[in-house]
Structures are given as C-alpha cells and as structure tokens.
Amino acid sequence: MKDAGKIKVLCVDDHPVVRDGIAAIINLQPDMMLAGAAGTGAEGLEQFFRLRPDVALVDLQLPDMSGFDVIKKIRDKSPNARIIVLSSYEGDVDIQRALEAGAQGYVVKGLVREELLESIRTVHAGKRRLPASVAQNLAAHVADEPISSRELEVLSLMAAGKRNKEIASDLSIAEDTVKMHVRNILSKLQVNDRTEAVTIALRRGIIHL
C-alpha cells in the first residue's frame with residue numbers, strides 16, 4: 001500500500017481554513033498523511049480512538065472543551081499517545097499547562113510550515129520538540145512565584161474591569177483581603193498597576209478573556 005509506513009496525523013482545530021492548510025502541507029510530504037480532521041474536542045476524541053493516528057495536532061481553543069482537556073482524555077486512555085499543541089497562544093503558562101497535560105510539542109500557528117513538519121517528525125520519533133521562541137518563553141519564567149487559585153480569581157475579575165469592592169462582593173471576602181491579593185499579584189507579576197497586571201497575565205496565558 002502506498003500509505004504504508006507514513007506518519008498518520010490527526011488535526012483537531014475548529015477553523016476550517018487551518019484544517020485545510022494543515023492537510024495541504026502534510027499531504028505534500030512523502031512520509032506523512034492526514035488520517036483525519038476534527039472541528040471539536042468531542043470529534044477529535046472520537047477520531048483519535050477510531051483512527052489511532054501516530055501524531056495528533058490539537059488546538060487549545062475548541063468550541064466544546066479546551067485543548068488541555070482533549071490532551072488529558074487522550075493520555076488517560078493512551079499513555080503513549082504523541083500529541084503536539086497547535087495554538088495561537090504563546091504564553092509560558094499555556095505552554096507549561098500543555099506539557100503537563102501530556103503534549104510533547106508546541107507549535108505557534110504563525111510558525112506553522114517548517115516548524116510543524118519538524119515537530120511532527122521529532123515527536124513521532126518519541127522526542128519532545130519546542131521551537132526556540134516557545135522554549136525561551138518557558139525558561140524566562142521558570143523561577144517565578146506561582147499565582148494562587150484565589151489570586152487567579154481576583155485577577156480574572158480585575159480583567160473584567162471590577163474594582164476592589166465589587167471583587168470582594170463577588171468572592172464573599174473582605175475588601176482589605178482583596179487589596180492584599182492585588183498587592184501580591186502586582187509583586188508576583190513584577191508590575192506597578194492593575195492595567196499592566198492584566199496585560200501581562202493575558203500575554204502569558206495566566207488568564208484568557
């Protein structure tokens with residue numbers, strides 16, 4: 001069979017243009033073939049367990065569930081599954097979460113063609129692959145003090161434009177406690193004000209709007 005020995009790839013992304021572009025790139029390679037494509041997490045899971053691809057490409061932002069959840073569900077049943085995140089997010093927190101969920105590669109959509117092909121071949125060979133820019137983002141914050149779950153709630157409400165009194169009401173805590181959390185957030189993100197904190201948090205993938 002002409003497809004024997006080729007790397008079978010599954011693409012899970014909710015944008016048809018992205019899926020079509022990935023298909024065109026992969027099917028031009030002599031050592032690869034697109035085994036399937038899905039637009040939702042549920043479709044991606046169904047196709048993965050039915051088609052058993054060699055490598056799955058998974059977007060982090062899907063309409064029915066996060067890409068993190070798709071990766072975890074695949075890895076729960078197939079611990080040796082080889083998965084590459086294909087995302088427009090470049091934040092170190094998104095990258096770290098993807099790796100912790102079980103992804104072995106992370107490709108930013110703007111770098112797709114050559115980086116994608118090299119990542120597929122590397123991950124298929126059983127190795128981890130991170131583009132230089134992705135690895136640098138990860139390394140830049142490896143020693144940072146983590147944001148706590150409560151601070152994350154406060155930060156998300158800050159991003160929604162809420163002031164301390166409103167945040168206190170929403171979380172059923174004292175306003176002074178909110179102020180303490182805000183001070184901790186500014187310190188951990190190494191910024192001087194709330195607007196800068198939200199901007200940095202969005203850029204790093206700590207929160208998403």
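# Exercises on a predicted model

At 68% relative accessibility, Ser172 counts as exposed. The model is predicted. The exercises below start from this residue.

**Exercise 1. Place Ser172 and relate Ser172 to Lys162.**

Solution.
- Step 1: find the loop. Ser172 sits between helix H8 (164-171) and H9.
- Step 2: apply the cut-off. Exposed means over 50% relative accessible area, so Ser172, at 68%, is exposed.
- Step 3: compare sequence and space. Ser172 and Lys162 are ten residues apart in sequence. Their C-alpha atoms are 14 Å apart.

**Exercise 2. Describe how H9 and H10 cross, and name the residues in contact.**

Solution.
- Step 1: locate the helices. H9 covers residues 175-189, and H10 covers residues 194-204.
- Step 2: take the geometry. The two axes come within 10 Å and cross at roughly 55 degrees.
- Step 3: classify the angle. At that angle, H9 is oblique to H10.
- Step 4: add the hand. The crossing of H9 past H10 is left-handed.
- Step 5: list the contact. H9 supplies Val182, Ile185, Leu186 and Leu189. H10 supplies Arg194, Ala197, Ile200, Ala201 and Arg204.

**Exercise 3. Analyse Gln190 in the loop between H9 and H10.**

Solution.
- Step 1: check the backbone. Gln190 is not a glycine, yet its phi is positive, at about 55 degrees.
- Step 2: check the surface. The relative accessibility of Gln190 is 64%, so Gln190 counts as exposed.

**Exercise 4. Work out how H2 packs against H3.**

Solution.
- Step 1: locate the helices. H2 spans residues 41-51, and H3 spans residues 67-77.
- Step 2: take the geometry. Their axes are 10 Å apart, and the packing angle is about 25 degrees.
- Step 3: classify. Angles under 35 degrees count as roughly parallel. H2 and H3 are therefore roughly parallel to each other.
- Step 4: add the hand. H2 passes H3 in a crossing that is right-handed.
- Step 5: name the partners. On H2 they are Gly41, Leu45, Phe48 and Phe49. On H3 they are Val70, Lys73, Ile74 and Lys77.

**Exercise 5. Find the aromatic pair and describe its two rings.**

Solution.
- Step 1: count. There is one aromatic pair in the structure.
- Step 2: identify the members. Phe48 and Phe49 form the pair, with ring centres 5.3 Å apart.
- Step 3: classify. The planes stand at 85 degrees, and the pair is edge-to-face.
- Step 4: test burial. Phe48 has 3% relative accessibility and counts as buried. Phe49 has 24% and is partly exposed.

**Exercise 6. Name the charged residues that lie over the faces of Phe49 and Phe68.**

Solution.
- Step 1: take Phe49. Lys77 lies over its face, 5.3 Å from the ring centre. Phe49 and Lys77 are also among the residues that meet between H2 and H3.
- Step 2: take Phe68. Arg97 lies over its face, 3.9 Å from the ring centre.

**Exercise 7. Set Gln47 beside Arg52.**

Solution.
- Step 1: place both. Gln47 lies in helix H2. Arg52 is in the loop between H2 and strand S3 (55-58).
- Step 2: test burial. Gln47, at 12% relative accessibility, is buried. Arg52, at 45%, is partly exposed.
- Step 3: find the contacts. Leaving out residues up to four places away in sequence, Gln47 touches Leu10, Gly36, Ala37, Ala38 and Arg52.
- Step 4: check the backbone of Arg52. Its phi is positive, about 50 degrees, although Arg52 is not a glycine.

Definitions and conventions: Residues are numbered from 1 along each chain as its sequence is written. This is a predicted model: local features need pLDDT of at least 70, side-chain atom pairs count only at pLDDT 80 or more; totals for chains, interfaces and linings use all residues. Side-chain values use heavy atoms; hydrogens and water are left out. Rings of Phe, Tyr and Trp (its six-membered ring) pair if their centres lie within 6.5 Å; planes under 30 degrees apart count as stacked, over 60 as edge-to-face and the rest as tilted. Buried means under 20% relative accessible area, exposed over 50%, partly exposed in between (1.4 Å probe, protein chains only). A charge sits over a ring if NZ of Lys or CZ of Arg is within 6 Å of the ring centre and within 35 degrees of the ring normal. Axes are lines fitted to C-alpha atoms, for helices over the stretch in contact, and angles run from 0 to 180 degrees between N-to-C directions. Helices (H or I, at least four residues) and strands (E, at least two) are DSSP runs, numbered from the N terminus. Angles under 35 degrees count as roughly parallel, over 145 as roughly antiparallel, 65 to 115 as roughly perpendicular and the rest as oblique. A crossing is left-handed if the near helix is turned anticlockwise from the far one by less than a right angle, and right-handed if clockwise. Contact means heavy atoms within 4.5 Å.
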